[in-house]
There are 2 protein chains.
Amino acid sequence: MNGVKKKATIKDVALRAEVSPTTVSMVLNGKSAALPESTCERVRAAAAELNYSADVLARALVTKKTNIVGVVVPDISNAFFSEAVRHIQVEIARYGYDIILCNSEERAESDERYISLLAGRNVDGLILTPSAESFTAENAEKIKRLLAGLHVPYLFFDRYYTDGGTRVAVDNEASSYAATQYLLENGHKKIGVIAGPLTLNSSRNRLKGVRRALSERGLSLSDEFVYEGRYDFATGVNGGEMLLKKDVTAIFAFSDMQAYGVYESAKRAGKRIPDDVSVMGFDDNIYSSVLEVPLSTMRQPVETIAKEVCRSILALIENKEAEAPACCPARLVRRSSVADISKN
Amino acid sequence: MNGVKKKATIKDVALRAEVSPTTVSMVLNGKSAALPESTCERVRAAAAELNYSADVLARALVTKKTNIVGVVVPDISNAFFSEAVRHIQVEIARYGYDIILCNSEERAESDERYISLLAGRNVDGLILTPSAESFTAENAEKIKRLLAGLHVPYLFFDRYYTDGGTRVAVDNEASSYAATQYLLENGHKKIGVIAGPLTLNSSRNRLKGVRRALSERGLSLSDEFVYEGRYDFATGVNGGEMLLKKDVTAIFAFSDMQAYGVYESAKRAGKRIPDDVSVMGFDDNIYSSVLEVPLSTMRQPVETIAKEVCRSILALIENKEAEAPACCPARLVRRSSVADISKN
DNA sequence: TCGATTTACTAAAACGATTTACTACGCTAT
DNA sequence: ATAGCGTAGTAAATCGTTTTAGTAAATCGA
């Protein structure tokens with residue numbers, strides 16, 4: 001009963017159960033096939049009495065398994081990522097894994113630094129959403145080389161390189177195709193688009209979907225109706241301002257956050273939503289249903305994606321073999337920000 | 001050049017530099033006071049050539065230092081926590097620490113499980129926001145006992161037990177005092193409050209602040225004007241509905257999310273903000289400035305708080321001595337959701 | 001010149017597990 | 001009688017560091 005009592009080690013348990021550490025280890029790790037139940041019982045009792053649990057560091061040192069996966073996202077305070085990370089953490093905890101979380105703040109240099117750092121921590125796997133910067137040809141090459149040299153299973157989440165690597169993302173092309181169809185069905189022909197960085201596959205594929213839907217109706221999207229920026233509020237404001245001047249009847253923003261910016265720009269321009277201009281978003285943040293004019297948007301199945309991320313990375317950790325890319329479909333959420341002008 | 005080359009160990013470096021592992025360790029850890037520069041140079045060169053970096057697991061095993069801090073929050077997808085965690089991660093990384101993130105999903109059982117788990121991972125420190133459940137007398141006792149037995153430095157962030165433990169939080173009492181004063185200055189006397197769980201010090205102290213401001217003007221807040229719930233949207237809707245029936249002129253919601261709910265309830269009741277009822281929030285989420293009627297609110301200085309959290313936990317890790325509680329002041333953000341009715 | 005000190009370095013013990021390769025014993029079958 | 005085998009374990013190596021307690025040689029002071 002004196003002061004700080006140290007954690008019991010496997011030796012303490014061995015001593016108390018009057019067996020060797022080897023035996024303790026085997027019993028506690030379920031490798032006791034060859035041992036009589038009486039011994040196992042003694043060991044388990046001793047372990048319980050001493051409140052023993054194996055030191056994870058010592059164990060990891062010999063087994064080369066930490067049960068940690070590293071997660072690198074551009075910005076956890078972005079609603080999409082925070083929700084995804086929450087689901088990932090909760091889900092992967094069920095398999096006995098913890099996550100070390102890193103924010104790259106959209107900087108390629110941080111991606112590199114964190115990836116190396118996590119590998120140095122002997123994580124069992126890596127879940128990556130590279131920063132926008134990491135999609136320039138040069139940076140992409142660096143990241144890919146870095147990962148190849150690491151021998152740590154990794155997977156791309158939401159953003160990915162097209163030439164290899166396991167990935168889990170929403171089906172961007174199909175989703176924005178659906179969104180555009182919805183706009184078309186409501187009579188919109190003059191559509192403006194606010195995209196995220198076109199270096200990202202997410203934005204490029206969403207744009208592709210828009211173009212496909214349009215061309216199927218014999219329409220096309222000229223470049224001057226596409227405003228490229230980031231996925232943030234300010235981009236929405238600027239893009240909205242620019243597109244409103246061109247008298248579009250609908251604006252499709254590639255993120256809800258951008259859509260909020262469009263609302264702001266409409267307010268400034270004295271235009272009402274959806275009477276003067278329709279707005280369509282992408283993500284379905286919790287806030288989108290709360291707006292004065294609830295936003296029509298494509299809902300990302302964040303929980304499904306998160307679970308798929310976990311399933312894939314665990315598979316990679318176990319098999320060390322490439323997984324097929326997983327594409328999850330987004331769902332159209334019709335609210336009030338899109339007006340039907342087909343009868344006009 | 002054959003296949004997978006293994007990571008270089010300290011022995012490899014020692015061999016190449018023609019010294020002992022001891023020497024390598026000392027040089028690379030800056031304990032080379034007694035060694036001639038020539039040797040140091042040789043060791044450093046060898047290390048560089050082999051691309052050597054010490055295995056953190058092996059090191060942690062002997063030094064008892066992991067450079068990891070555990071973070072347990074109720075819900076990372078809550079904007080306040082996600083922003084806080086982002087700043088915490090970025091800041092603490094500057095000191096060479098990583099964070100393992102856990103979501104308790106507001107469940108006491110998860111708090112216990114994660115705290116034990118993180119301690120078992122030999123984290124150097126713990127940053128905790130206990131779930132609402134963990135504030136019942138019984139659960140609180142359990143958590144406190146658990147922490148006391150762990151010998152891991154820990155700190156409470158945002159929510160805390162009043163009887164001990166280092167803590168970092170916004171000055172809730174002063175903040176809501178200021179908010180209430182603002183309401184009073186604008187002529188509001190019949191004020192309704194939507195609180196979070198009153199088991200949480202944050203809610204209790206905010207309520208205290210309201211009462212103090214009111215009583216200084218000879219007013220008081222009767223219980224029927226206080227709606228207790230959670231910090232979420234649904235609580236705002238329900239509380240708003242209830243309070244609007246009592247013809248309050250202003251509603252002070254203890255979170256922005258609740259305030260959004262109040263907006264919704266006002267819309268349903270056909271009341272305009274701020275013409276028919278004023279609304280005040282708390283947090284200043286990024287969305288609050290985006291609303292059709294931008295929300296007046298108390299802005300939590302999240303980055304400041306996060307930095308203070310890092311400073312404190314690092315101090316605790318180094319000194320192992322209690323830190324003074326840190327209280328950060330919130331700032332009043334005046335927007336359009338509060339009307340001046342003092343001239344009526 | 002000799003003992004004491006300084007310089008430059010190292011052997012070996014930890015840290016706390018897992019894992020491989022044994023051993024000692026009793027029993028059976030030939 | 002003994003080879004062979006199953007049972008019930010264990011000793012010792014290993015993982016890759018840090019750290020303690022030295023030592024051997026060179027230098028210094030008197």
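How are α1(A) and α2(A) oriented to each other? In this predicted model, helix α1 (residues 10-17) of chain A packs against helix α2 (residues 21-28) of chain A at an angle of about 100°, and their axes are 8 Å apart. Angles from 65 to 115 degrees count as roughly perpendicular; α1(A) and α2(A) are therefore roughly perpendicular to each other.

From α1(A), the residues that make the contact are A:I10, A:K11, A:V13 and A:A14, and from α2(A) they are A:P21, A:V24 and A:S25. Sorted by class, the contact of α1(A) with α2(A) has five nonpolar residues, one polar residue and one charged residue. The loop between α1 and α2 of chain A contains A:E18. A:E18 is not a glycine, yet it has a positive phi of about 55°. Most residues other than glycine have a negative phi.

**Domains of chain A**

The domain assignment divides chain A into domain 1 (10-54), domain 2 (63-170 + 302-317) and domain 3 (172-300). Domain 2 is thus given as two segments of the chain. Between the C-alpha centres of domain 1 of chain A and domain 3 of chain A the distance is 63 Å.

**The six-stranded sheet of chain A**

Chain A has an open sheet of six strands in the order β7-β6-β8-β9-β10-β12, and the pairing is mixed. At the edges stand β7 (226-228) and β12 (331-333) of chain A; each has a single partner strand, so one side of each is left without a neighbour in the sheet. On average, neighbouring strands of this sheet are turned by 15° against each other, direction ignored. Strands of a sheet pair through backbone hydrogen bonds, either parallel or antiparallel.

Both senses of pairing involve β10 of chain A. Strand β9 (residues 278-283) of chain A pairs with strand β10 (residues 296-299) of chain A in the parallel sense, over four bridges. Within this pair, A:F282 stands opposite A:M298 in β10(A), and A:D283 stands opposite A:R299 in β10(A). On to β12(A), the run from β10(A) is antiparallel, with three bridges joining the two strands. A:R299 takes part here as well: its bridge partner in β12(A) is A:R331.

Helices pack on the sheet too. Helix α9 (residues 201-216) of chain A touches β6 (191-195), β7, β8 (250-253) and β9 of chain A, and its direction makes about 170° with that of β6(A). Helix α10 (residues 233-245) of chain A lies across β6, β7 and β8 of chain A and runs at about 155° to β6(A).

**The sheet of chain B**

In chain B, six strands form an open sheet in the order β7-β6-β8-β9-β10-β12, with mixed pairing. Its edge strands are β7 (226-228) and β12 (331-333) of chain B, each with a single partner strand, so one side of each is left without a neighbour in the sheet. From one strand to the next, the twist averages 15°. Strand β9 (residues 278-283) of chain B and strand β10 (residues 296-299) of chain B run parallel and are joined by four bridges. In this pair, B:F282 stands opposite B:M298 in β10(B).

The table lists helices that lie on the two sheets.

| Helix | Strands touched or crossed | Angle and reference strand |
|---|---|---|
| α9 (201-216), chain A | β6, β7, β8, β9 | about 170° to β6(A) |
| α10 (233-245), chain A | β6, β7, β8 | about 155° to β6(A) |
| α9 (201-216), chain B | β6, β7, β8, β9 | about 170° to β6(B) |
| α11 (256-269), chain B | β6, β8, β9, β10 | about 155° to β9(B) |

**Cis peptide bonds**

The peptide bond from A:I273 to A:P274 is cis, with omega near 5°. A:P274 is in the loop between α11 (256-268) and β9 of chain A. In chain B, the bond from B:I273 to B:P274 is also cis, with omega near 5°, and B:P274 lies in the loop between α11 and β9 of chain B. Most peptide bonds are trans.

**How the two chains are related**

A turn of 180° and a shift of 0.0 Å along the axis lay chain A on chain B with an RMSD of 0.0 Å. That is the relation of a two-fold axis. The C-alpha of chain A nearest the axis belongs to A:I100, at 2.2 Å from it. Of the interface residues of chain A, 100% are also interface residues in chain B, so the copies meet through the same surface.

Definitions and conventions
Residues numbered from 1 in each chain as written. Chains lettered and ligands numbered in written order. Predicted model: local features only at pLDDT ≥ 70, side-chain atom pairs only at ≥ 80, totals over all residues. Heavy atoms only, no water. Least-squares fit on C-alpha atoms with pLDDT ≥ 70 in both. Contact = heavy atoms within 4.5 Å. Pairing = 2+ DSSP bridges. Axes fitted to C-alpha atoms, helices over the stretch in contact; angles between N-to-C directions. Domains from an automatic or database assignment. Parallel < 35°, antiparallel > 145°, perpendicular 65-115°, else oblique. Nonpolar A, V, L, I, M, F, W, Y, C, P; charged D, E, K, R; others polar.
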